[in-house]
Amino acid sequence: MVASDSTADMNRLTDSGVVAVMRGADADTIIDVAQALNDGGVTAYEITADNPDAMDLIGEVSASFTEEEAIVGAGTVLDDATARAAIMNGAEFVVGPNFDREVVETCNRYGTLVAPGILTPTEAVNAYEAGADMVKVFPASVMGPDHLSSLKGPLPQIPLMPTGGIDIDNVADYIEAGAVVVGAGSAIMDADAIEAGDFDSITETAREFTRVIEDARESGE
C-alpha cells in the first residue's frame with residue numbers, strides 16, 4: 001500500500017465542502033448513494049466504523065471512484081487498530097468523535113489525514129499538537145456556529161470541521177464562522193429516499209448543499 005499525501009487529501013476534502021457521513025450504509029445501495037452524491041457535487045464520503053461491514057464498504061466505494069472523482073474515509077474510529085484496518089482497506093482519511101492519541105499517531109505513520117473529535121480549545125490544541133490535520137468539532141449543534149467562531153479566533157491555524165446537526169438551513173452559518181468543511185449525516189443521507197431508491201433526491205440535496213457552501217465561501221472572501 002502506498003502512503004497517501006495528507007496535504008493533498010486535505011485539499012480534496014475541503015474542495016467537497018461537505019463530508020457525507022454514511023452511517024448505517026447498506027452494501028446493496030452504498031454505491032448508488034455515493035454516485036448520487038457525486039453527481040450533486042459532494043465528493044467526500046465517510047463510512048462509519050460502527051457498521052460491521054465498514055471495512056468491506058470502504059474498499060468497495062474506494063474502488064468505484066478514481067482519486068480525482070472522490071475521497072473515501074472512515075468515521076467513528078475509536079482506536080488505533082480500527083484506524084489501521086480502515087487505512088489498509090483504502091480509507092484516505094480517518095475521523096473520530098473523540099481525540100485518541102494512538103489513532104492520530106497511526107494515521108501520521110501511514111500519511112493519512114486524521115480529524116479527531118473535539119469541543120473545547122484545550123482539546124483542539126492537544127489534538128493538533130499530537131499531529132491532527134484538522135479537528136472535528138462535535139457535536140456542533142450543541143454549541144452552534146458562534147462556538148466555532150470563538151474557537152477560530154484564538155486558533156486560526158487549526159482547520160475546523162463541524163459535524164452534528166448540520167443541514168441546509170445552517171450550513172452557511174458554519175462556513176461563515178470558519179469551517180473549512182462540514183460533516184453532514186441524515187440531512188444529506190435521507191433514509192426514506194434511499195429506501196425508496198430515489199437517488200435523484202439525494203443528488204438534488206447534495207447539489208443544494210454544495211451551492212449554499214459555495215455561496216457562503218464567496219461571500220466570505
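Select Thr 76 in this predicted model. Is Thr 76 buried or exposed? Its relative accessible area is 18%, and the cut-off for buried is under 20%, so Thr 76 counts as buried. Now check its backbone. Phi is positive at Thr 76, about 55°, although the residue is not a glycine. Most residues other than glycine have a negative phi. Thr 76 sits in the loop between E3 and H4.

**Back to E3 and its partner**

Step back along the chain to strand E3, residues 71-75. Show strand E2 with it. Five bridges join E2 to E3, and the two strands run parallel. Pick out one pair: Thr 48 has Gly 75 of E3 as its bridge partner. Then trace the connection. From E2 the chain passes through helix H3, residues 54-64, to reach E3. This β-α-β crossover is right-handed.

**Strand E2**

Stay on E2 and select residues 44-48. How many of its five residues are buried? Five of the five are, so the strand is mostly covered. Look at each side in turn. Side chains in a regular strand alternate between the two faces of the sheet. On one side of E2 are Ala 44, Glu 46 and Thr 48. On the other are Tyr 45 and Ile 47. Every one of these residues is buried, and both faces of E2 are covered.

**Across to E1**

Add strand E1, residues 18-22. Which way does E1 run relative to E2, parallel or antiparallel? The two are parallel, joined by four bridges. Val 19 marks one of the pairings: its bridge partner in E2 is Ala 44. Now bring in helix H2, residues 30-39. Together, E1, H2 and E2 make a right-handed β-α-β unit.

**Helix H1**

Go to helix H1, residues 6-16, and select Asp 9. Asp 9 is buried, with a relative accessible area of 4%. Display its side chain. What does it contact? The side chain of Arg 12 makes a polar contact with that of Asp 9, at 2.8 Å.

**Two helices together**

Select helix H4, residues 80-88, and helix H5, residues 101-109. Two packed helices are described by the angle and the distance between their axes. Here the axes come within 8 Å and cross at roughly 25°. Angles under 35 degrees count as roughly parallel, and H4 and H5 are therefore roughly parallel to each other. Their crossing is right-handed.

**Val 95**

Next, select Val 95 in strand E4, residues 93-95. Val 95 counts as buried, at 2% relative accessibility. Add Arg 207, which is 112 residues from Val 95 along the chain. The C-alpha atoms of the two are separated by 24 Å.

**The three-stranded sheet**

Show E6, E7 and E8. These three strands form an open sheet in the order E6-E7-E8, with parallel pairing. Which strands stand at the edges? They are E6 (117-118) and E8 (160-162). Each has a single partner strand, so one side of each is left without a neighbour in the sheet. Zoom in on E7, residues 135-137, where three bridges join the strand to E8. Lys 136 has Met 161 as its bridge partner in E8.

**Last stop: a cis peptide**

Finish at Phe 138 and Pro 139. A cis peptide bond joins them, with omega about -5°. Most peptide bonds are trans. Pro 139 lies in the loop between E7 and helix H7 (140-143).

How values were computed
Residues are numbered from 1 along each chain as its sequence is written. This is a predicted model: local features need pLDDT of at least 70, side-chain atom pairs count only at pLDDT 80 or more; totals for chains, interfaces and linings use all residues. Side-chain values use heavy atoms; hydrogens and water are left out. Buried means under 20% relative accessible area, exposed over 50%, partly exposed in between (1.4 Å probe, protein chains only). A polar contact is a pair of N or O atoms within 3.5 Å; within protein, one must be able to donate a hydrogen and the other to accept it, and residues adjacent in sequence count only if both atoms are side-chain atoms. Two strands pair if DSSP finds at least two bridges between them. A crossover is right-handed if, with the strands pointing away from the viewer, the path from the first strand over the helix to the second runs clockwise. Axes are lines fitted to C-alpha atoms, for helices over the stretch in contact, and angles run from 0 to 180 degrees between N-to-C directions. Angles under 35 degrees count as roughly parallel, over 145 as roughly antiparallel, 65 to 115 as roughly perpendicular and the rest as oblique. A crossing is left-handed if the near helix is turned anticlockwise from the far one by less than a right angle, and right-handed if clockwise.
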